[in-house]
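Here is a quick walk through one chain, going from backbone oddities to charged pairs, a helix pair and a metal site. Have the sequence and the structure open as you read.

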Amino acid sequence: MRILAIESSCDETAAAVVENGTTVLSNVINTQIELHKEFGGVVPEVASRKHIENISDVIDKALSDCNMTLDDVDAIAVTYGPGLVGALLVGVSAAKGLSFVAKKPLVPVHHIKGHICANYIENPDFKPPFICLVASGGHSHIVHVKDYNTYEVLAKTSDDAAGEAFDKVSRVLGLGYPGGPAIQECAKSGNPHAIRFPRVNMGESGFDFSFSGVKTAVINYIHNAEQKGIEINKPDVAASFQEAVTDVLSGHLAECAIKYGTKKIALAGGVAANKPLRERCQALAAENDMEFVCPSMLLCTDNAAMIGCAAYFEYQAGARADMSLNAIANLPL
Ligand code: KG4
Ligand code: ZN
């Protein structure tokens, strides 16, 4: 079964053709990062307009890259939430149009399920049940993936998402957007133990996250130094912040896996591209005799191949949408 998948929830216009859930025949990503850089973050209205300009070419390229036309695909899949509503609407409208014209079923996909399913693409033997940390610009969840279509959220953030904290700290340090890769690069020459930023456990279980505290602690640290005329060591600040976030994300993931008695853990979402986080989770998995997987860098950040993979399992479970499909900015998991 071949699915043409479309993703436009944030600042990447993406389309892919995926066969039987895990064979990626094409994967086209048009990123708007350069456009949003000058604003220090994604400007929703600008993102929507750029998606409109890009989407037809991106879809055409996804089909032509694997020498296909619409006739060769069996279904059209699209991310319908969560995300920026104007951005989502562009993908949803395009998918509805294609589904109507080509008379192919329309499969609605949850963006976070897509991120989680990215793990199946390169690890064909990796199967549910497992526990997955999803950390992106908009979400920080620990999810119990019970089977291909059953997800239970075990923990989430009570304020900022992890990626959001990376982006804000990066802006304050003058490292630019997106913050994750910039902080990771700057931190390479820093000491992760130079400054002890707070690690916060929230909620009844203690597994929920809060990243606004660590973000504010970094901002206060920088402002205090500025007021005293002390020059900060940016690599030390970046490395210490990254260390605090890595400690919390990896620690909660491993503790959750132990509590729920699962021997398989995974990462997903843009922050999963973070090298120290990947290495720490790998080490924790080894210590606890667990299997660990994470997508390659390209499949961690937003892409449509992951949407095509998730759509395959949704389709098998009977998920179909009609022309009333709408974008839902805060779609729950
Ligand atoms: O999944 P994603 O592409 O979009 C959303 O669904 O939000 O995630 C984007 C987020 C941004 O906040 C970005 O700073 C972060 O992922 N990110 C990283 C890294 N690469 C991207 N965070 C930490 N380390 C990285 N290497
Ligand atoms: Zn995402």
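N67 counts as exposed, because its relative accessibility is 73%, where exposed means over 50% relative accessible area, buried under 20%, and partly exposed in between (1.4 Å probe, protein chains only). You'll find N67 in the loop between α2 (44–64) and β4, and its phi is positive, about 50°, although N67 is not a glycine. N20 is another non-glycine residue with a positive phi, near 50°. N20 sits in the loop between β2 and β3 (23–31) and is partly exposed, with a relative accessible area of 41%. Helices (H or I, at least four residues) and strands (E, at least two) are DSSP runs, numbered from the N terminus.

A word on ground rules: this is a predicted model, where local features need pLDDT of at least 70 and side-chain atom pairs count only at pLDDT 80 or more, while totals for chains, interfaces and linings use all residues. Residues are numbered from 1 along each chain as its sequence is written, chains are lettered from A and ligands numbered from 1 in the order in which they are written, and side-chain values use heavy atoms, with hydrogens and water left out.

Staying with the backbone, there are cis peptide bonds to look at. One joins G81 and P82, with omega about -10°, and P82 is in the loop between β4 (75–81) and α3 (85–102). Another joins Y177 and P178, with omega about -5°; P178 belongs to the loop between α5 and α6.

Now for the charges. How many salt bridges does the count come to? The count is 15, taking a salt bridge as a side-chain nitrogen of Lys or Arg within 4 Å of a carboxyl oxygen of Asp or Glu. Here are some that link distant parts of the chain:

| Pair | N to O distance | Separation in sequence |
|---|---|---|
| R2 and E19 | 3.0 Å | 17 residues |
| R199 and D247 | 2.9 Å | 48 residues |
| D247 and R280 | 2.6 Å | 33 residues |

R2 comes from strand β1 (residues 2–7) and E19 from strand β2 (residues 12–19). R2 is partly exposed at 29% relative accessibility, and E19 is partly exposed at 23%. D247, in helix α8 (residues 234–259), pairs with R199 from the loop between α6 (179–187) and α7, and also with R280 from helix α9 (residues 275–287). D247 is partly exposed at 25%.

D160, E164, K168 and K215 are linked in a network of salt bridges. K168 and K215 turn up again where helices α5 and α7 touch: the contact (heavy atoms within 4.5 Å) is made by K168, V169 and V172 of α5 and K215, V218, I219 and I222 of α7. These residues divide into five nonpolar, no polar and two charged. Helix α5 (residues 162–172) and helix α7 (residues 212–227) pack at about 5°, with axes 10 Å apart, so they are roughly parallel, a label for angles under 35 degrees.

Last stop, the metal. Which residues are the protein donors of the zinc ion (ligand 2)? They are H111 (NE2), H115 (NE2) and D302 (OD), 2.0 to 2.1 Å from the zinc ion. Donors are N, O and S atoms within 2.8 Å of the metal (3.2 Å for Na, K and Ca), and water is not among the atoms, so sites may look incomplete. The donor spacing in sequence is H-x3-H-x186-D. H111 and H115 are both buried, and they are separated by about one helical turn because they lie four residues apart in helix α4 (residues 111–122).

Conventions: Axes fitted to C-alpha atoms, helices over the stretch in contact; angles between N-to-C directions. Parallel < 35°, antiparallel > 145°, perpendicular 65-115°, else oblique. Nonpolar A, V, L, I, M, F, W, Y, C, P; charged D, E, K, R; others polar.
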